[in-house]
Amino acid sequence: MRKLTHFLLKRSGSLLLLAVLLVALSQLGQGLWIFAKAKLAQYLIAESWQISLALKQPSKPWAWADTWPVARLQWPAENVDLYVLAGAHGSSLAFGPGHLQQTSLPGSEQDLGAIISGHRDTHFKFLSKIKPGHRIKIQTMDGVWHDYLITTSRIDNIKQQTLQALPGLQLVTCYPFDALQAGGDLRYIVRAEKMTKLQTFASL
Amino acid sequence: MFKFNTFKPHKIPKHLLMQNDKPSRPWWQKLMLFIFLGLVLLLGLAIADMARGESVDLEWGREYPAQLGSGTLLLKSSRGYAQALHLNTDIKVKINGMVAEVTMIQEFKNPSEDYLEGVYTFPLQEKTAVNGMTMIIGERRIVGKIKEKKEAQKIYQAAKKAGKRAALTQQQRPNLFQQKVANIGPQQSISVELRYIQPVQLQLANGVAQFSLRIPTTITPRYTPATFSAEAREVNVAASGWGQGDVAEVQAADPRGAPLINTPVNNVKNPMSLAIRLRAGLPLASLQAPYHKTVIDKRGDQHELSLLNGVDVMNRDFELHWQPVAEQAPQAAFFLQSQQQQDFALLMVQPPQFEDTEGKGLQQLPRELIFIIDSSGSMGGESMRQAKAGLLRALDSLSANDRFNIIEFDSTFQQLFARPVAASEVNLSRAQDFVQRLVAGGGTQMLKPLLAALTPQASPGYIKQVVFITDGAVSNEAQLFKAIHETLGQARLFTVAIGSAPNSFFMRKAAQYGRGSYTSITLASEVEEKVSLLFQRLSSPVLSNIRIQWPQHLEVEAWPQRVPDLYAGEPLVVYAKLSDKNASQNLAGEIKLEADYISATGERQRWYKTVVLAKQLRSDNRGIASLWGREKIADLMDQKIRGAKASIIREQVLAVALQQQLLSKYTSFVAVEEEPTRPQAKVLIKQQVANSAVKGQQRIAYPATATSARWNLILGATLLLLSLLGLFLKQALKRRYCYA
């Protein structure tokens, strides 16, 4: 026992260093793991989306998944290509942007307004670059691509405003984009309206 | 001899060594250095990345300016942002017996430097008779005139254009109204005083008479089905031969299927002050306002009630209940108002009370109960919990002889069982599972589930009863009433309204067309009581085919023309215009009532009651003429839904409304100031006053959309730096010790 105390006292500097080192590595690991999950999961989801398209029914990307792809979102101008998952809970947002299930799906017959949310530092980072007039595309499970035109953006304070389904599509992410910590009160919301076939044709 | 190869440096004390040795670093130190450099690179990248992130340009197309946290609502207009109109509502209620006279003042305050037009959509109870409007500017009162709707709109538009202050009150639905106020100057305010009469509701619950008055304050945003317009036109053309029907209603709806009413906003807290003076005319056993905090004073034979802190938020219906002491419970009432050589009367008669203890006197025929439960988005939150609790309680109340089924709907619908099944334990537990798993979301497509419940024939030997649990947040009411009317057959439809601000017009009328009755659940704690009341009604004999014989010497115009079936606890209420054929002003006589019901043993029975009118009746009651007019209008509008020709109905409604000075679908109040106030050079900005979000309604939660990744990386990199720095420091110290 005395030996041990002696050892600890003598080596306290090294041990402290070791502890700091371990914490540092675990933090780095966590951070990298988040990015890796966000990136890698999309490859697995891509496969299940192809199955969904073929079978016209939801298909889980891995057996124990509690979510599945419901749409594919592309911003061709910036090579953004994402698979949107069902539900906007933490366990789906880790792997892809999530569709808020209380709202209708993009491209559904009655446009009650779709809302899709994504992490500001992974999938929805591109929202910081998007501007009115830009065009995005969404593919639904029936294989049809729908064109959306970005119209406006706004910043909501979740303590003061209410999130509402509005006609068209809303993409929601956290704001500011460069904040270090998660859990802020601000959300950046980009609105897009569905282009009619004629509009799409005219813009080609 | 000195042997070079025997020279062993480690045997010589370090400080005596002359040569500069370069000890090779251990492998792990090399690795550390490598990681460290990598991390510095990563940190650099992260910082560069952050710098890029900062360059987001937020100047374009913002819907809200960045003044978050200031608490004022700013609205965007063509000229930029304007501070929103403030709205204060003051309600004064005088209740005499079964009639409430209400004065409601809406004050529109303009805090901005612009000229504003305020538009405010507000609810009133569906039986309300609005009979007066006055625009108040400072000390001046400009009395509004009742006009045909189109004409009133023209007058208002002209005044608005000319820069004159003007107010227009219109009816959008029987329980939904719109106030417009034009040319509110900078930093000025305009008040609009509305006067209306509202009948007091009476019902017997467990043998105790309960009076109640409900004052709605905000609106659950209603859902307009996208396919509505096409369907509605078809229905109308087929039924009446004319394509007009409800076209106005169709046009009112937003073509994109957005809510008809501007969506309530979370942070709007329209304050409301309220004062009630109650003259019940009977000694009271209890008086309470269950959904608000209030102060009650008793002064002589009247009670005075006001809100606890003077004001409250307009986010839920206000309701007042009072119960007379048991032995004083009224069996009948006859209130009279003399107006311009005419007498108007309110007749109330309590139906018989059938034994309801130990099931004696109750209907024994087996029932087929179809529950329809609304799981649309507007039900989210407290409403869905209450609806589920109500339905689960109802399932518990089923008896073994009953059959049942559950239909759940939002944008689509699904039935639990393909056809009604026996209320066996297995089936009930499946039903409970089904109910537990319901989640609110999606639109409110009511027509198909209603038809699915009403259309199939009941199993032979069973009575079919449909229980419809919803908040009624729809705007295609007329279409639904028509569908209920046309498919009802032998079935009966009972509605259960859920939530803090249900569309009670829809709920009450749907029950009327469904020949059933209406119940409302506002608080979770009421579920038990209200569901048992509903089941009491479902299983008690119904008074049908009610006939009223008025005294022979009177000429009577009574509304409603066909008295609806009465369920247990529901009183008969009829409004009549009376005149003596001999012009002798003598109303004394007997009113005889007759009705049929099926007794517990299945026999057809007859019920009689006679109300004797005294010679000297007080005739100074107020508001009864207005209520008579309102009832007549409501009855005429019902006839239209049942297929009467719209143009004829319109003429008849116009006649009553103009004569009785009542707001209706075809008449509006308009008040205009003579002198213009807005200089022609100034623009007028239109603003919609937002309604408060309904209490307890779930909003879509903002998702959490940030990861801790960046924080993890930076923290990790910093700590790593720190530890490596420590390591190097330690090494350096060691070396210095070596050389010293």
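**Exercise 1. A covered helix**

Task: In this predicted model, find which residues of helix α9 of chain B are buried, and find what covers them.

Solution:
- Step 1. Locate the helix: α9(B) spans residues 504–513.
- Step 2. List its buried residues: Ser504(B), Phe505(B), Phe506(B), Met507(B), Arg508(B), Lys509(B), Ala510(B), Ala511(B), Gln512(B) and Tyr513(B). That is ten of ten, and the helix is mostly covered.
- Step 3. Look at the surroundings. The cover includes the strands β9 (164–173), β25 (463–470), β26 (492–498) and β27 (518–521) of chain B, together with helix α8 (477–487).

**Exercise 2. Just past the helix**

Task: Which sign does phi take at Arg515(B), and is Arg515(B) buried or partly exposed?

Solution:
- Step 1. Find the place: Arg515(B) sits in the loop between α9 and β27 of chain B.
- Step 2. Read the backbone angle. Phi is positive, about 50°, although Arg515(B) is not a glycine.
- Step 3. Count neighbours. There are 19 other C-beta atoms within 10 Å, and a residue needs 20 or more to be buried, so Arg515(B) is partly exposed.
- Step 4. Now try Asn545(B), which also is not a glycine and has a positive phi of about 55°. Asn545(B) belongs to strand β28 (residues 544–549) of chain B. Because Asn545(B) has 12 C-beta neighbours inside 10 Å, it counts as exposed.

**Exercise 3. Two helix pairs**

Task: Decide whether α7(B) and α8(B) are roughly parallel or antiparallel, then do the same for α11(B) and α12(B).

Solution:
- Step 1. For α7 (residues 447–454) and α8 of chain B, the axes are 10 Å apart and the packing angle is about 10°.
- Step 2. Angles under 35 degrees count as roughly parallel, so α7(B) and α8(B) are roughly parallel to each other.
- Step 3. See who meets whom. Leu447(B), Leu450(B), Leu451(B) and Leu454(B) of α7(B) face Gln479(B), Leu480(B), Ala483(B), Ile484(B) and Thr487(B) of α8(B). Sorted by class, this contact holds seven nonpolar residues, two polar ones and no charged ones.
- Step 4. Turn to α11 (residues 624–641) and α12 (residues 646–660) of chain B: their axes come within 10 Å and cross at roughly 170°. Angles over 145 degrees count as roughly antiparallel, so that is the label for α11(B) and α12(B).
- Step 5. Sort this second contact by class: eight nonpolar, five polar and two charged residues. Among the residues that meet are Ile633(B) and Leu636(B) in α11(B), and Ile649(B) and Val653(B) in α12(B).

**Exercise 4. The largest nonpolar core**

Task: Which residues touch the most other members of the largest nonpolar core, and where does this core lie?

Solution:
- Step 1. The core has 89 residues, and Leu346(B) and Ile624(B) touch the most other members.
- Step 2. Ask which element gives the largest share: α11(B), with seven residues.
- Step 3. Place the core. Domain 1 (75–230 + 262–317 + 664–689) and domain 2 (329–353 + 543–659) of chain B both contribute residues, so the core lies between them.
- Step 4. Zoom in on Ile624(B). Beyond its neighbours within four places in sequence, Ile624(B) is in contact with Val99(B), Phe335(B), Gln337(B), Phe344(B), Ala345(B) and Leu346(B).

**Exercise 5. Cis peptide bonds**

Task: Which residues are joined by a cis peptide bond in chain A, and which in chain B?

Solution:
- Step 1. In chain A, the bond joins Tyr175(A) and Pro176(A), with omega about -5°. Pro176(A) lies in the loop between β7 (169–175) and β8 (186–194).
- Step 2. In chain B, the bond joins Trp559(B) and Pro560(B), again with omega about -5°. Pro560(B) is in the loop between β29 (554–559) and β30 (572–580).

**Exercise 6. A residue of chain A**

Task: Is Ser91(A) buried or exposed, and which residues does it contact?

Solution:
- Step 1. Ser91(A) is part of helix α3 (residues 90–93) of chain A.
- Step 2. Its 12 C-beta neighbours inside 10 Å make Ser91(A) exposed.
- Step 3. Setting aside neighbours within four places in sequence, Ser91(A) is in contact with Asp66(A) and Thr67(A).
- Step 4. Compare sequence with space: Ser91(A) and Asp66(A) are 25 residues apart in sequence, with 7.8 Å from C-alpha to C-alpha.

Notes. Residues numbered from 1 in each chain as written. Chains lettered and ligands numbered in written order. Predicted model: local features only at pLDDT ≥ 70, side-chain atom pairs only at ≥ 80, totals over all residues. Axes fitted to C-alpha atoms, helices over the stretch in contact; angles between N-to-C directions. Helix = DSSP H or I, 4+ residues; strand = E, 2+ residues; numbered from the N terminus. Parallel < 35°, antiparallel > 145°, perpendicular 65-115°, else oblique. Contact = placed C-beta atoms within 7 Å. Nonpolar A, V, L, I, M, F, W, Y, C, P; charged D, E, K, R; others polar. Core = buried A, V, L, I, M, F, W, Y, C linked by C-beta atoms within 7 Å. Domains from an automatic or database assignment.
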